[in-house]
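Open your viewer and get ready to select things one at a time. We will go from one whole chain down to single residues.

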Amino acid sequence: MALALAAFPALAHHGWSGNTAGEIELSGTVVTGVSLAGAHGAMQIEDADGHVWDITLAPGPRTHRAGLKEGVIPVGAEVTVFGERNENPDVFEAKVRRVVWDDQVFDVYPPQ
Amino acid sequence: MAWLEGSALADFLRGLGIWTYGLLNLGHILGIGSLFGAVLILDLKLMGVWRSIPAAILIRPTVPLAAAGFLLAAASGIMMLSFNTTEYHGNPFIYAKFPIIVVGLANVAVIQRLGAWRRAADGAPAEAGDRTMLAIFGALSLLIWTAVITCGRLIGYW
């Protein structure tokens, strides 16, 4: 997986300046399902330590096209996300490229 | 700003589908285009460009176009903001943008009360000092609206 992540080049996308604390792989339980309204899709997951993470996805139509539609992943499901963590260690937020649920992989920013 | 995020307007917009935000963004761009395009022509005229064209001829189309563009940009901007208002806490560009918009509107109010402006808009003969006065306010206007657009564009990069 480290190899796969290393293959993601800098994304042609703005708004990542606050997420330069490095790549993370984060597993947790969905507490707020995917919403595709707004500038970006979003969901919330709770990790094993009880921290609720705000997960920022790609813009709505792009996330939808990646198959990650609203309601596809139920609340309570276990998911793993790959992306970049907010640089502020007190802010549990990550902008993610990939969401994995069971055997389903949603690449909202596919590797090039 | 949490009240806006929790408003009925925000709830309504979120329920309209995945393209809503992008289309509001389009409306914002069209509003900015109309506002700034009109402002650019008018302000350059006030600053002394196109001497052969009477000011009144350019004032007539540019002022209502700028006003309509501003209203479209403001309405679409507030709607975009309502989706996730609290996300902008601490964003210096948005904190700078709104006061500068107020200065821009104040500048409009002041300029339209100037004798020099009234004479130019009516096509009446200019008096001594009119040209300098209008040039100063035109340059100020161009500076202000450029600053507003710059702040707006940079919000998403913070």
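Start with chain B, and keep in mind that this is a predicted model. Among its contacts between residues at least 6 apart in sequence, 83% join residues at least 24 apart. Colour chain B by secondary structure: seven helices and zero strands appear. Turn the chain around. Its C-alpha trace spans about 55 × 25 × 25 Å along the principal axes. Of the 158 residues in chain B, 25% are buried.

Next, select α3(B) and α4(B). At what angle do they pack? The angle is about 155 degrees, and the axes lie 7 Å apart. An angle over 145 degrees counts as roughly antiparallel, so that word fits α3(B) and α4(B). The crossing of α3(B) past α4(B) is left-handed. Now show the residues of this contact: 21 are nonpolar, nine are polar and one is charged.

Keep both helices on screen and add chain A. The largest nonpolar core has 30 residues. Select Met43(A), Ile55(A), Leu57(A), Leu68(A), Val81(A), Val96(A) and Val108(A), which have the most contacts inside this core. Which elements give two or more residues to it? From chain A come β1 (23–35), β2 (42–46), β3 (52–56), β4 (78–85) and β5 (93–101), and from chain B come α3 (20–46) and α4 (55–83).

Then look for another core, apart from that one. This core has 20 residues, including Phe36(B), Leu42(B), Ile144(B) and Cys151(B).

Finish by zooming in on Val96(A). Leaving aside neighbours within four places in sequence, Val96(A) is in contact with Ile55(A), Thr56(A), Leu57(A), Val81(A), Phe82(A) and Gly83(A).

Terms used. Residues numbered from 1 in each chain as written. Chains lettered and ligands numbered in written order. Predicted model: local features only at pLDDT ≥ 70, side-chain atom pairs only at ≥ 80, totals over all residues. Core = buried A, V, L, I, M, F, W, Y, C linked by C-beta atoms within 7 Å. Buried ≥ 20, exposed ≤ 12 C-beta atoms within 10 Å, placed from the backbone. Helix = DSSP H or I, 4+ residues; strand = E, 2+ residues; numbered from the N terminus. Contact = placed C-beta atoms within 7 Å. Axes fitted to C-alpha atoms, helices over the stretch in contact; angles between N-to-C directions. Parallel < 35°, antiparallel > 145°, perpendicular 65-115°, else oblique. Left-handed = near helix turned anticlockwise from the far one by under 90°. Nonpolar A, V, L, I, M, F, W, Y, C, P; charged D, E, K, R; others polar.
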